[in-house]
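Reader: I'd like a close look at one part of this protein: how do two of its helices pack together, and what else sits around there? Walk me through it slowly, please.

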Amino acid sequence: MRPHLALIEDDPDFALMCRSYLERAGFTVTWAMDARAGKAVLYEGGVDLAVLDLGLPDGSGLELLRALRSTSRLPVIVVTGRGAEADRVAGLEIGADDYLVKPFSQRELVARIHAVLRRSQPPELPTVLQVGALRVDSAARQASVDGVLLMLRPKEYALLEMLAAAPGRVFSAEQLLERIWGTSWQQAATVVEHVYRLRGKLAGLPAPAPRITTVRGYGYRLDP
Ligand code: CA
């Protein structure tokens with residue numbers, strides 16, 4: 001997947017040069033030439049990192065950054081002109097992840113983007129979920145209760161994994177259909193049938209296993 005960058009920069013020559021360099025470096029780039037357009041791009045979503053020039057014609061990039069930081073941890077590299085020391089400091093205080101002072105080399109920009117993206121990767125999710133005596137190993141795609149392996153079909157496993165990832169949380173049949181079957185147009189009866197079979201497999205074990213509870217009118221949850 002090519003990371004998607006928002007380039008918020010009012011100088012067209014500079015922006016076009018950056019964009020073509022960044023695209024050759026393996027990024028998808030959306031260019032916005034003022035704060036208003038930049039905000040629209042950021043709030044539309046799907047952006048992995050923003051390169052934000054602080055000197056914009058319709059307001060300061062700092063205000064845009066402040067507004068963004070009230071709702072989002074999106075990685076941001078701020079760009080300032082030479083001598084704009086105060087802006088640079090303010091940018092970092094508001095929560096920019098890094099900064100560059102113009103003029104800078106395109107190679108340096110790419111290196112900084114890679115570094116910030118690396119730092120902002122979410123920690124890997126644990127591959128083993130434990131709910132009471134139930135152990136779900138996502139790497140092996142296996143579930144066991146007190147050491148006894150459950151013989152599950154792929155969809156039964158996926159259903160159990162999803163419920164076990166958030167014990168006590170209620171999932172609707174639509175949510176389960178969408179996440180596990182990839183559609184919401186299939187019949188809710190598919191979910192009912194899989195829950196029924198899964199319950200049977202959890203019940204016939206020597207050790208007490210978590211239960212799948214039906215929450216009437218809402219959906220299903222796993223109780224430890
Ligand atoms: Ca500017």
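**Two helices and a metal site**

Author: Let's start with the helix pair. In this predicted model, helix α1 (residues 12-24) packs on helix α5 (residues 106-119) at an angle of about 60°, and the two axes are 10 Å apart. That angle makes α1 oblique to α5. As for handedness, α1 and α5 cross in the right-handed sense.

Now for the side that each helix brings to the contact. From α1 come Phe 14, Met 17, Cys 18, Tyr 21 and Leu 22, and they meet Gln 106, Arg 107, Leu 109, Val 110 and Ile 113 of α5. Sorted by class, the contact between α1 and α5 has eight nonpolar residues, one polar and one charged.

Next, the calcium ion. Its protein donors are Asp 10 (OD), Asp 53 (OD) and Gly 55 (O), which lie 2.2 to 2.4 Å from the ion. Written as a sequence pattern, the spacing of these donor residues is D-x42-D-x1-G. Distant parts of the chain get linked this way: Asp 10 is in the loop between β1 (4-8) and α1, while Gly 55 is in strand β4 (residues 55-56), 45 residues apart.

To finish, here's the annotation. An unreviewed UniProt entry lists residues 4-117 as "domain: Response regulatory". In the model, that span is 47% helix and 25% strand, and the C-alpha atoms at the ends of residues 4-117 lie 11 Å apart.

Notes:
Residues are numbered from 1 along each chain as its sequence is written. This is a predicted model: local features need pLDDT of at least 70, side-chain atom pairs count only at pLDDT 80 or more; totals for chains, interfaces and linings use all residues. Side-chain values use heavy atoms; hydrogens and water are left out. Axes are lines fitted to C-alpha atoms, for helices over the stretch in contact, and angles run from 0 to 180 degrees between N-to-C directions. Helices (H or I, at least four residues) and strands (E, at least two) are DSSP runs, numbered from the N terminus. Angles under 35 degrees count as roughly parallel, over 145 as roughly antiparallel, 65 to 115 as roughly perpendicular and the rest as oblique. A crossing is left-handed if the near helix is turned anticlockwise from the far one by less than a right angle, and right-handed if clockwise. Contact means heavy atoms within 4.5 Å. Ala, Val, Leu, Ile, Met, Phe, Trp, Tyr, Cys and Pro count as nonpolar, Asp, Glu, Lys and Arg as charged, and the others, Gly among them, as polar. UniProt positions are given in the numbering used here, feature names are shortened, and annotations may be inferred rather than shown by experiment. Donors are N, O and S atoms within 2.8 Å of the metal (3.2 Å for Na, K and Ca); water is not among the atoms, so sites may look incomplete.
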